[in-house]
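Let's take a walk through this fold together. Have the viewer open and be ready to click on residues as they come up.

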Amino acid sequence: MAGGFPPGFLWGAATSAYQIEGAAREDGRAPSIWDRFVARPGAIFQGQTGEVAADHYHHMEEDVALMARLNLRAYRFSISWPRVLPQGTGPVNERGLAFYERLVDTLLARGIEPLVTLYHWDLPAALEDRGGWLVRDTAQAFAEYAEVVARRLGDRVRWWLTHNEPWCSSYLGYALGIHAPGMHDKQLAIHAGHHILLSHGLAAQCLRSLLPREAQIGIALDFYPVYAADERPETLAAVQQADAFRNRWFLDPLFHAEYPELLFSTLDVTPPLIQADDLAVIATPLDFLGVNYYSRMLVRGAGPGSAATPSGNVSYEVVERIPGASYTAMGWEIFPEGLEVILTRLHREYAPKALVVTENGAAFEDHWHTGEGVHDWQRIHYLQLHIEALSRVLAQQVPLKGYMVWSLLDNFEWAFGYSKRFGLVYVDYPSQRRIIKDSGQWYASFIAAQRR
């Protein structure tokens, strides 16, 4: 098995608030855009919601004890903005903020490093009513929210992420309409993405002014390295277009203070409304970059009559099924080489001070038979392959600091509801019983072996 990991490497797992917490109407929490979106007929598999989810709000101590059994050194979780600030701004909901304070203290008591994500897609509905991510005011509101959380938890939390996967917040939510708030306009996605980036920069500046010097401030982006399906010139051009759309849309503003040249023409949209200092704020220096990796993109230049890509542009098409490839239950190709490719590329081309794999994992058809474990050998093999890729990355002197498996628990998987299971721990939703899967047992043993 892979070796060569430094003593302080953060082996962990990740979750997000709406996907596991439940308690959607308790202790002062107000609705988010996801509470509204799941109520739309046909939006979610079987009309399921995150109202209860894995009920982590009431099982927090039990779940942290599970983390200790798994030998986790780190836990990445997100904070529910509408649980802390029900109206998005204004009065703080002390009961909501106290929950996260208890969580952080419980983690630290177990020797588990908390990694806090401030936004994992659950915008307060009250802010959506005032324009949501389509207006600049929401960027300022996010910075104020970051300040509230930092003032309460900043003396104990060292690792901070502003946003999780802003590409998904923007494009899936505003162009494709398959995530909240469920809009269908590419142009709106561009405006939303810019305001999310601006909110990141404002929040990063706020956090830097408040937190101790050793605090690590970053953002988590999702990456899909793009490969050519053939050597035709139009396919090689398609690779550049797809990469600008899927990877560089958020990378380039963060690290180079500019948008990719191909982005807006490929999407056939106009650029966002950029004010004088916006790009400088967005490019506020980061301490680390969070990398979420699941698969790659294989593209070819489109021919006559080709179907439109997710971008709405017919200049390239994505190859969905590859002969001989293996796939997860999500239909995503298992391609561990891509993790090495994206980490080394980020180090080479963008040179972040540090990198953390903030999500990597797979859904499979897991089954629990009462009293037995959950035998998920495919997930064990998946983790082995991706951890071996990390070992190769470290051998190339890439400043990689940690790896978070997605996910700690089976959870509400957005539009897929409870039909997909990513967890190291199986959740029997009717009883809320937790059962550590074989992959969880394997991961615990692997982490323990790193300490020897």
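Below, we go from the whole chain to its helices, its aromatic rings and a few backbone oddities.

Before anything else, this is a predicted model, so local features need pLDDT of at least 70, side-chain atom pairs count only at pLDDT 80 or more, and totals for chains, interfaces and linings use all residues. Residues are numbered from 1 along each chain as its sequence is written, and side-chain values use heavy atoms, with hydrogens and water left out.

Start with the overall picture. The chain has 15 helices and 13 strands; these are DSSP runs numbered from the N terminus, with helices being H or I of at least four residues and strands being E of at least two. The C-alpha trace spans about 55 × 50 × 45 Å along its principal axes. Is that what a compact globule would give? For 452 residues, such a globule would have a radius of gyration near 22 Å, and the chain agrees at 21 Å. That radius is taken over C-alpha atoms, and the globule rule is 2.2 Å times the number of residues to the power 0.38.Next, burial: 63% of the 452 residues count as buried, where buried means under 20% relative accessible area, exposed over 50% and partly exposed in between (1.4 Å probe, protein chains only). The accessible surface of the chain is about 16700 Å², and carbon and sulfur atoms own 51% of that; such areas come from the Shrake-Rupley method with a 1.4 Å probe, and for residues only the protein chains shown count as cover. As for contacts (heavy atoms within 4.5 Å), take those in the chain with a separation of 6 or more: residues 24 or more positions apart account for 77% of them.

Now pick out helix α7, residues 137-153. Its 17 residues should span 24 Å at 1.5 Å a residue, and the end C-alpha atoms agree at 25 Å apart; the expected span is 1.5 Å times one less than the number of residues. Buried residues of α7 include Ala139, Phe142, Ala146, Val149 and Leu153. An α-helix has 3.6 residues a turn, so residues three or four places apart point the same way. What do the buried residues of α7 pack against? Their partners are α4 (81-84), α5 (94-109), β3 (113-119), α6 (125-128), β4 and α9 (186-210).

Helix α15, residues 438-450, gets the same treatment. Its 13 residues should span 18 Å, and its end C-alpha atoms agree at 19 Å apart. Among its buried residues are Trp442, Tyr443, Phe446 and Ile447. The buried residues of α15 pack against β1 (10-14), α3 (56-69), α14 (377-395), β11 (400-406) and β13 (433-436).

For a closer look at one residue, click on Leu279 in helix α12 (residues 278-282). Leaving aside neighbours within four places in sequence, Leu279 is in contact with Pro253, Ala257, Glu258, Tyr259 and Ile274. Leu279 and Leu198 are 81 residues apart in sequence, yet 7.8 Å apart in space, C-alpha to C-alpha.

On to the rings. A search of the whole structure finds 42 aromatic pairs. Rings of Phe, Tyr and Trp (its six-membered ring) pair if their centres lie within 6.5 Å; planes under 30 degrees apart count as stacked, over 60 as edge-to-face and the rest as tilted. One of the pairs is Tyr18 with Trp34, which is tilted, at 6.3 Å centre to centre and 35° between the planes. Tyr18 lies in helix α1 (residues 17-20) and Trp34 in helix α2 (residues 33-37), so this pair ties together parts 16 residues apart in sequence. Tyr18 is buried at 4% relative accessible area, and Trp34 is buried at 1%.

Trp159 and Phe288 make an edge-to-face pair, 5.0 Å centre to centre with 75° between the planes. Here the parts tied together are 129 residues apart in sequence, because Trp159 lies in strand β4 (residues 159-164) and Phe288 in strand β7 (residues 288-293). Trp159 is buried at 6% relative accessibility, and Phe288 is buried at 0%.

Ring pairs also link Tyr18, Trp34, Phe37, Trp121, Phe412, Trp414, Tyr418 and Tyr429 into a cluster. Trp414 from that cluster sits in the loop between β11 and β12 and is buried at 5% relative accessibility. Its phi is near 50°, a positive value in a residue other than glycine.

Two arginines join the ring story. A charge sits over a ring if NZ of Lys or CZ of Arg is within 6 Å of the ring centre and within 35 degrees of the ring normal. Arg321 lies over the face of Tyr327, 3.7 Å from the ring centre, and the charged end of Arg421 sits over the ring of Tyr426, 3.9 Å from its centre.

Last, the backbone. Asp27, in the loop between α1 and α2, also has a positive phi near 50°. Two cis peptide bonds are worth finding: Ala180 to Pro181, with omega about 5°, and Trp406 to Ser407, with omega near 10°. Pro181 lies in the loop between α8 (166-174) and α9, while Ser407 is in the loop between β11 and β12 (425-428).
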